Amino acid sequence: MGDFNGDHRADVAGAGNSYISILLGKGDGTFESSIDNNSFFAPGHLAVGDFNNDHLLDLAAVGSFGSSATIGVLLGNGDGTLQSSLTYPLSDTPDSVAAADFNGDGKLDVAVGGYLVSEVTVLLGNGDGSFRQGVSYPGGGYEVIVGDFRGTGKLDMVAEPSEPGVAEFLGNGDGTFQQAKIYHSGAGYTAAVGDLNGDHKLDVVLLGSKPLAITSMLNTGVLEFSPCSPLAFGAQRVNTTSKPKIVSLTNTGSKPISFNSMRVTGAFRARDTCGGTIAAGAVCRVDVTFTPSKPGHERGGITIVDSASSKPQYIELSGVGK
């Protein structure tokens, strides 16, 4: 979506077959006939932005055909038409592209999610529709979504790891990114981001299939949980207690965190060493045990109320009684 002809009406850009097409909006939900551009071969995914700083919307496109993978920039003329693609090679088959200013220089950059290789390639823009040599970050690829997940003003990225869950790449603010941190999930891959619980922090929505499943991963802010995946206890004899599993809570912020309360549900028990306050940089732990009272699958959770978030934080628990 974007206003490609400056009439303050929403237009649509689409990629299909051999064409990239602009459909100018009439302002009533209908569109003019498509304006087609075939200068970029085999387009697959698009990103909208002003890549040459002329205040007109352009398009970045990625695609592949055979062993050839490319990224192209089609500069907009301001009337809904696009110039011929400025095309550059990529090292891996792309599965997505996102545009953002990763280093704060006022020039749009792009992040390309890999398809054959689980990595994200970041290409910093020169401000004229061209890019510097790409830098690849392994650990996650496919769908790449950009956002400020820490609230620091530095852009981060999330992508799909090789197993269900989320790969997070924290940005350094200079166009480089830290090593991927993987958050595992029982099912689902990164699909969208948004503030799901009203705490003004970006969360992640995961989409699974067969059967369709939608799950979410809530942003814990400066309180870091390890492991960050749900605690699974496996099989445990009825009326016996498992060995404890430990969740470490680290205050990654610069101020103390108030640890207000902890509530456990299901056939689980928990004890913590956090006290009332977790100092900046400090680590405390929660020891969790599972005592099933009947055979079958058991689910529960730990709800933690703390000052790191305006909403409760949650640890998923599961086990099987036998």
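# Exercises on a predicted model

A search of the whole structure, which is a predicted model, finds four salt bridges. The exercises below start with some of these pairs and then turn to other features.

## Exercise 1: A salt bridge between two loops

Task: Find which residue forms a salt bridge with D105, and state which parts of the chain the pair ties together.

Solution.
Step 1. The partner of D105 is R132, and the closest N and O atoms are 3.9 Å apart. A salt bridge requires a nitrogen within 4 Å of a carboxyl oxygen, so the pair at 3.9 Å counts.
Step 2. D105 sits in the loop between strand 8 (94-100) and strand 9, while R132 sits in the loop between strand 10 and strand 11 (135-138).
Step 3. The pair therefore ties together parts that are 27 residues apart in sequence.
Step 4. D105 has a relative accessible area of 31% and is partly exposed. R132, at 42%, is partly exposed too.

## Exercise 2: Buried or exposed partners

Task: For the salt bridge of R150 with D156, decide how each residue counts: buried, partly exposed or exposed. Then do this for R285 and D287.

Solution.
Step 1. The cut-offs are needed here: buried means under 20% relative accessible area, exposed means over 50%, and partly exposed lies in between.
Step 2. In the bridge of R150 with D156, the closest N and O atoms are 2.7 Å apart.
Step 3. R150 has a relative accessibility of 33%, so R150 counts as partly exposed. D156 has 0%, so D156 counts as buried.
Step 4. The side chains of R285 and D287 meet in a salt bridge with an N to O distance of 3.0 Å.
Step 5. R285 is at 35% and therefore partly exposed. D287 is at 23%, and therefore partly exposed as well.

## Exercise 3: A nonpolar patch

Task: Name the residues that make the nonpolar surface patch of about 310 Å², and place Y115 in the chain.

Solution.
Step 1. The patch is made by Y115, L116 and V117.
Step 2. Y115 belongs to the loop between strand 9 (109-114) and strand 10 (119-123).
Step 3. A patch residue must have over 30% relative accessible area. Y115 is partly exposed at 43%, so Y115 passes this cut-off.

## Exercise 4: The second largest pocket

Task: Describe the second largest pocket by its volume, its lining residues and the elements that supply them.

Solution.
Step 1. The volume of the second largest pocket is about 260 Å³.
Step 2. The pocket is lined by 18 residues, and those closest to its centre are P89, L90, S91, L123 and G134.
Step 3. Two or more lining residues come from each of strand 7 (86-89), strand 9 and strand 10.
Step 4. Sorted by class, the lining has seven nonpolar, eight polar and three charged residues.

## Exercise 5: Neighbours in one loop

Task: Locate F41 and A42, and state how each counts, buried or exposed.

Solution.
Step 1. F41 is in the loop between strand 3 (35-37) and strand 4 (43-49). A42 is found in the loop between strand 3 and strand 4.
Step 2. F41 has a relative accessibility of 52%, so F41 counts as exposed. A42 has 16%, so A42 counts as buried.
Step 3. F41 and F65 are 24 residues apart along the chain, and their C-alpha atoms are separated by 8.1 Å.

## Exercise 6: Backbone exceptions

Task: Give the phi values of H8 and A42, and find the residues joined by a cis peptide bond.

Solution.
Step 1. Recall the general rule: most residues other than glycine have a negative phi, and most peptide bonds are trans.
Step 2. H8 is not a glycine, yet its phi is positive, near 65°. This residue lies in the segment before strand 1 (12-16) and is exposed, with a relative accessible area of 76%.
Step 3. A42, also not a glycine, has a positive phi of about 55°.
Step 4. The cis peptide bond joins S226 and P227, with omega about 0°. P227 is in the loop between strand 19 (223-226) and strand 20 (231-236).

## Exercise 7: The whole protein

Task: State how many helices and strands the protein has, and what share of its residues is buried.

Solution.
Step 1. The protein has zero helices and 27 strands.
Step 2. Of its 322 residues, 42% count as buried.
Step 3. Along the principal axes, the C-alpha atoms fill a box of roughly 70 × 45 × 40 Å.

Key:
Residues are numbered from 1 along each chain as its sequence is written. This is a predicted model: local features need pLDDT of at least 70, side-chain atom pairs count only at pLDDT 80 or more; totals for chains, interfaces and linings use all residues. Side-chain values use heavy atoms; hydrogens and water are left out. Patches are made of residues with over 30% relative accessible area and no salt bridge: like charges are joined within 9 Å, nonpolar side chains (Val, Leu, Ile, Met, Phe, Trp, Tyr) within 5 Å. Accessible areas come from the Shrake-Rupley method with a 1.4 Å probe; for residues, only the protein chains shown count as cover. Helices (H or I, at least four residues) and strands (E, at least two) are DSSP runs, numbered from the N terminus. Buried means under 20% relative accessible area, exposed over 50%, partly exposed in between (1.4 Å probe, protein chains only). On a 1 Å grid over the protein atoms alone, a cavity is a set of points where a 1.4 Å probe fits but cannot get out, and a pocket is an open set with protein on both sides within 12 Å along at least five of seven lines; lining residues have an atom within 4 Å of a point. Grid points are joined across faces, edges and corners, and a volume is the space filled by probe spheres set on the points. Ala, Val, Leu, Ile, Met, Phe, Trp, Tyr, Cys and Pro count as nonpolar, Asp, Glu, Lys and Arg as charged, and the others, Gly among them, as polar.
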